[in-house]
Amino acid sequence: MNLALKNFGRHLKKNGLRLTVERQKLLGLILTMKGHFGSEDVLKKSEGKNLSVSRATIYRILPVLVEAKIIQQSLLTSEGQSLFEVTWKKAHHDHLICISCKKVIEFQDNAIEVFQREIANKYGFILERHVMELVGRCRECRMV
Ligand SMILES: [Zn+2]
Ligand SMILES: [Zn+2]
């Protein structure tokens with residue numbers, strides 16, 4: 001059994017849910033999701049794969065996957081539906097969001113990562129996770 005599945009199973013149990021074949025398949029499907037996605041995207045993709053999962057199943061499973069650190073909630077400052085992205089075995093990144101055209105740029109900056117850990121330590125925290133979203137106007141939208 002691979003580690004993601006094991007982790008998922010453990011967190012399902014913690015939430016009083018069983019690791020069914022259906023949920024196992026759903027995990028496999030979500031691990032292949034690219035970029036930033038919402039629950040509707042998962043539903044659409046599952047239909048394309050002839051996987052009969054309900055919207056309710058997906059809603060129930062997403063927070064468990066977040067807890068298991070397989071996905072993370074993403075783009076919190078952009079309005080609309082909740083978005084997620086796969087973080088399992090992926091390098092961490094942060095986001096720049098354009099308020100005008102809604103473009104999202106992903107970036108990685110070591111200095112920022114180290115700095116955040118240092119700030120957390122200074123206040124007696126051990127950093128678990130963070131959300132860094134820089135909201136503004138992109139180069140194209142600035143010209144208008
Ligand atoms: Zn823009
Ligand atoms: Zn991202």
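## A tour from the fold to the zinc site and the pockets

Read along the sequence, the protein chain runs α-α-α-α-β-β-β-β-α-β-α. That makes six helices and five strands. Keep in mind that this is a predicted model.

**Start with the whole chain.** Show the C-alpha trace. Along its principal axes it spans about 50 × 45 × 20 Å. Colour by accessibility next. Of the 144 residues, 36% count as buried. Now turn on contacts between residues at least 6 apart in sequence. Of these, 52% join residues at least 24 apart.

**Select ligand 2.** This is a zinc ion, and five residues coordinate it: His 36, Glu 85, His 93, His 95 and Glu 106. The histidines each use NE2, and the glutamates use OE. Distances run from 2.0 to 2.2 Å. Along the chain the donors are spaced as H-x48-E-x7-H-x1-H-x10-E.

Stay on the last two donors. His 95 sits in strand β3 (residues 94-98) and Glu 106 in strand β4 (residues 104-107), so this pair ties together parts that lie 11 residues apart in sequence. Is His 95 buried or exposed? His 95 has 4% relative accessibility, so it counts as buried. Glu 106 differs in class: with a relative accessible area of 39%, Glu 106 is partly exposed.

**Show the cavity.** There is one cavity of 30 Å³ or more. Its volume is about 80 Å³. Select Gln 72, His 95, His 130, Val 131 and Met 132; of the 13 lining residues, these are the closest to the centre. His 95 therefore appears on this list as well as among the zinc donors. β1 and β3 are the elements that give two or more residues to the cavity lining. β1 gives the most, with three residues. By class, the lining has four nonpolar, seven polar and two charged residues.

**Move to the largest pocket.** About 640 Å³ of space lies here. Which residues should you select to find its centre? Of the 22 that line the pocket, the closest to the centre are Ile 71, Gln 72, Thr 87, His 92 and Arg 129. Gln 72 is listed here and also near the cavity centre list above.

Next, highlight β1 (71-74) and β2 (83-86), the elements that give two or more residues to this lining. β1 holds the largest share, three residues. The lining as a whole has eight nonpolar, seven polar and seven charged residues.

**Go on to the second largest pocket.** Its volume is about 160 Å³. Select its lining in stretches. One runs through Leu 96, Ile 97 and Cys 98. Lys 103 and Ile 105 come next. The rest are Leu 134, Val 135, Gly 136, Arg 137, Cys 138, Arg 139 and Glu 140. Strand β3, strand β5 (133-136) and helix α6 (139-143) each supply at least two of these residues. By class, seven are nonpolar, one is polar and four are charged.

**Finish on two cysteines from that lining.** Select Cys 98 and Cys 138. Cys 98 has 3% relative accessibility and counts as buried. Cys 138 is buried too, with a relative accessible area of 9%. How many disulfides does the structure hold? The count is zero.

Key. Residues numbered from 1 in each chain as written. Chains lettered and ligands numbered in written order. Predicted model: local features only at pLDDT ≥ 70, side-chain atom pairs only at ≥ 80, totals over all residues. Heavy atoms only, no water. Donors = N, O, S within 2.8 Å, 3.2 Å for Na, K, Ca; no water. Helix = DSSP H or I, 4+ residues; strand = E, 2+ residues; numbered from the N terminus. Buried < 20%, exposed > 50% of the residue type's maximum accessible area, 1.4 Å probe, protein only. 1 Å grid on protein atoms, 1.4 Å probe; cavity = no way out; pocket = protein on both sides within 12 Å on 5 of 7 lines; lining within 4 Å. Points joined across faces, edges and corners; volume = space filled by probe spheres on them. Nonpolar A, V, L, I, M, F, W, Y, C, P; charged D, E, K, R; others polar. Disulfide = S-S within 2.5 Å. Contact = heavy atoms within 4.5 Å.
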